[in-house]
Protein chains: 2
Amino acid sequence: MSDKVGLREVAAEAQVSPTTVSRVLNNRGYLSEETKNKVYAAMEKLQYYPNELARALSKKRSFTVGIIFPTLTNPFHAEVIQHIESYLSQKGYKVLLCNSLNNPEKEKQYLTMLRKNQVDGIIAATHNRNIEEYNIPGLPIVAVDRDLGKNVTIVSCDNYSGAKMACEKLIKDGCRQILCIRGDSKIKLPANARTTAYKDVMQAHDLPEYILEDPLVKPSAERYQIISDYLQTHPSFDGVFAGDDVLASFAIQILGKIGKNVPADVKVVGFDGAALTLALKPELTTVCQPIKQIAQVTVSKLLNRIDGHVEENITNLPVTMHFGTTA
Amino acid sequence: MSDKVGLREVAAEAQVSPTTVSRVLNNRGYLSEETKNKVYAAMEKLQYYPNELARALSKKRSFTVGIIFPTLTNPFHAEVIQHIESYLSQKGYKVLLCNSLNNPEKEKQYLTMLRKNQVDGIIAATHNRNIEEYNIPGLPIVAVDRDLGKNVTIVSCDNYSGAKMACEKLIKDGCRQILCIRGDSKIKLPANARTTAYKDVMQAHDLPEYILEDPLVKPSAERYQIISDYLQTHPSFDGVFAGDDVLASFAIQILGKIGKNVPADVKVVGFDGAALTLALKPELTTVCQPIKQIAQVTVSKLLNRIDGHVEENITNLPVTMHFGTTA
């Protein structure tokens with residue numbers, strides 16, 4: 001952190017007073033174009049960068065948003081964060097990135113760190129059950145597909161409709177024994193509506209319900225093993241509705257290993273439909289979340305809250321289906 | 001940004017002087033355990049978060065690192081950023097995330113923003129050709145698999161060995177017409193050694209060279225089209241060595257569409273081997289970069305440079321191969 005060049009040096013170079021430089025920087029009072037140009041030229045020449053930390057302190061606004069997500073290596077998370085960062089950057093906000101790695105202690109430390117660094121708001125998509133920690137008076141928080149308590153605005157896709165489409169597609173394809181692989185049922189989140197839709201569709205068609213819980217917070221290898229153990233001991237399934245595309249991919253791999261052909265023997269539908277997933281695995285039939293729109297609505301609600309407005313939850317952003325060959 | 005609670009309020013609550021609170025916060029001078037505990041208890045009770053911005057200003061160190069990457073939606077980038085953030089967080093550093101989206105103007109704005117925000121260092125992996133912008137005296141920068149000029153320390157895997165392994169695997173499998181798909185040859189980066197290795201291996205085996213350039217900065221759909229146009233007009237290939245796993249995946253899709261069986265007709269090897277890629281597409285044979293190690297070495301070199309040490313480039317972190325069924 002170098003600060004050898006300051007207001008004084010810029011003023012000397014531009015042959016104006018330090019007060020004039022300060023007025024140019026803060027766009028305050030009358031300033032001729034000539035004066036402004038002299039100051040800008042001096043800043044450029046001396047490579048002077050006004051200290052945003054000092055500015056944030058004096059303005060009591062940091063133009064910084066903290067993002068707490070479990071990982072970057074889920075393609076839905078990566079894509080939504082990328083768009084969130086782009087929208088925030090367009091609006092003049094910076095992003096402090098925090099990956100909780102599903103560790104509640106780390107998540108708590110991040111929350112403290114973000115508050116110490118005076119963020120103007122937080123966007124979260126973590127699996128922390130201790131949601132009271134997100135009840136921070138005066139600090140706007142928006143959650144992507146998470147229920148983090150009464151202080152937090154929720155943004156999510158229409159999970160129910162997406163899951164309904166997925167399950168009805170499997171039934172239309174002839175599946176009668178459909179397994180639903182879901183995350184931890186103890187965590188409150190809008191995505192739980194996916195399981196509700198599964199149950200409703202099975203009941204409407206008089207089909208049995210099979211629900212496998214695969215906790216979101218476990219490492220990838222353990223989540224794979226849970227599906228593997230289950231599918232190996234329950235060989236009768238002819239359909240799988242997976243909670244996300246990575247789980248769908250795991251199911252497809254495991255089915256192959258136990259000698260089942262996808263889609264001839266078992267049909268599989270995933271959820272999320274991130275661009276990267278479809279680039280790597282276009283054969284996957286899946287429900288596509290409107291990821292760009294989720295990011296845009298999330299940022300817009302957060303900035304409105306930072307400006308003091310009240311924002312309602314929105315949990316019905318429209319989903320679409322990508323038809324591959326796995327169902 | 002709320003700051004109603006300050007040193008004064010904490011001092012009153014703890015029944016000590018504001019100076020004592022300040023000494024506790026900065027761990028300065030002799031303090032009894034009792035005093036410290038009283039201050040900590042008051043901070044906890046009042047939910048007081050010391051202002052890190054003020055601290056950064058007074059210490060002339062922000063404990064913030066800027067990360068400029070093109071996108072998060074390349075699985076190698078996402079994984080390396082996740083590990084970088086974890087290592088930095090362990091060392092008490094925060095991460096300001098910047099996605100340049102391959103836009104040189106945006107990249108330049110990010111560099112300015114990071115300097116205004118007094119970052120202690122930068123980690124970059126962009127495709128900007130105007131590398132002079134990274135020559136910032138006094139600001140440590142480390143690049144992941146990029147050559148950004150003399151002020152920037154490079155960290156990369158052993159690209160040459162990885163590519164050599166990939167090409168020799170294809171030849172061992174019987175391929176004689178091997179296409180190398182690479183990024184833009186005009187950008188200086190260590191990964192260019194992959195093409196050098198391809199050429200060396202082809203020459204050593206007296207095989208023809210076919211190199212298709214697919215510029216890194218183009219959008220995904222265009223990069224797909226470049227490969228599609230080429231493969232459709234050059235149906236004689238029996239092997240493809242792709243510059244990264246997404247390109248390998250594109251090649252596999254295109255080959256399927258033009259009626260070629262992978263691996264029977266054409267064998268394909270990728271590069272990167274991110275965990276997510278192997279979760280979604282375990283059948284892909286690819287060269288695996290030591291992503292965690294790259295992140296760790298990158299962070300360690302950056303922190304050493306922040307501490308004033310000189311750091312050499314390291315471009316030979318060891319690669320391994322993942323053997324799927326595509327080659």
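Just after helix α7(A), Gly174(A) adopts a positive phi of about 100°. The model is predicted. The helix itself, α7 of chain A, covers residues 159-172. Its 14 residues reach 20 Å from the first C-alpha to the last, close to the 20 Å expected at 1.5 Å a residue. Much of the sequence of α7(A) can be assigned to the interior: Asn159(A), Gly162(A), Ala163(A), Ala166(A), Cys167(A), Lys169(A), Leu170(A) and Ile171(A) are buried. In an α-helix, residues three or four places apart point the same way, because there are 3.6 residues a turn.

Cys167(A), one of the buried residues of α7(A), has a relative accessibility of 0%. Its sulfur lies 6.6 Å from the closest cysteine sulfur, that of Cys180(A). This is too far for a bond, because a disulfide requires sulfur atoms within 2.5 Å. By this rule, zero disulfides are counted over all chains. Cys157(A) is likewise in no disulfide. For Cys157(A), the nearest cysteine sulfur is that of Cys288(A), 10 Å away. Cys157(A) is buried, with a relative accessible area of 0%.

Cys288(A) belongs to strand β10 of chain A, residues 285-288. Both faces of β10(A) are covered. Thr285(A) and Val287(A) are buried on one side, and Thr286(A) and Cys288(A) are buried on the other. Two strand pairings involve β10(A). With β9(A), the pairing is parallel and runs over four bridges. Here Phe271(A) stands opposite Val287(A). The connection from β9(A) to β10(A) passes through helix α11 of chain A, residues 275-280. This β-α-β crossover is right-handed. With strand β12 of chain A, residues 320-322, β10(A) pairs in the antiparallel sense over three bridges. In that pairing, Thr320(A) of β12(A) is the bridge partner of Cys288(A).

Backbone geometry in the loops was examined next. A cis peptide bond joins Val262(A) to Pro263(A), with omega of about 10°. Pro263(A) sits in the loop between α10 (245-257) and β9 (267-272) of chain A. In chain B, the peptide bond from Val262(B) to Pro263(B) is also cis, with omega near 15°. Pro263(B) is placed in the loop between α10 (245-257) and β9 (267-272) of chain B.

Positive phi values also occur in residues other than glycine. Phe63(A) has phi near 50°. This residue lies in the loop between α4 (52-59) and β1 (64-69) of chain A. Phe63(A) is partly exposed, with a relative accessible area of 32%. In chain B, Gln47(B) takes a positive phi of about 55° although it is not a glycine. Gln47(B) is found in the loop between α3 (33-46) and α4 (52-59) of chain B. Its relative accessible area is 40%, and Gln47(B) therefore counts as partly exposed.

The arrangement of the two chains was then considered. Chain A can be laid on chain B with an RMSD of 0.1 Å. The operation is a turn of 180° with a shift of 0.0 Å along the axis. The two copies are thus related as by a two-fold rotation axis. In chain A, Leu96(A) has the C-alpha nearest the axis, 2.4 Å from it. The same surface serves both copies, as 100% of the contact residues of chain A recur in chain B.

Key: Residues are numbered from 1 along each chain as its sequence is written. Chains are lettered from A and ligands numbered from 1 in the order in which they are written. This is a predicted model: local features need pLDDT of at least 70, side-chain atom pairs count only at pLDDT 80 or more; totals for chains, interfaces and linings use all residues. Side-chain values use heavy atoms; hydrogens and water are left out. Copies are superposed by least squares on the C-alpha atoms of residues with pLDDT of at least 70 in both. Contact means heavy atoms within 4.5 Å. The expected span of a helix is 1.5 Å times one less than its number of residues. Buried means under 20% relative accessible area, exposed over 50%, partly exposed in between (1.4 Å probe, protein chains only). Two strands pair if DSSP finds at least two bridges between them. A crossover is right-handed if, with the strands pointing away from the viewer, the path from the first strand over the helix to the second runs clockwise.
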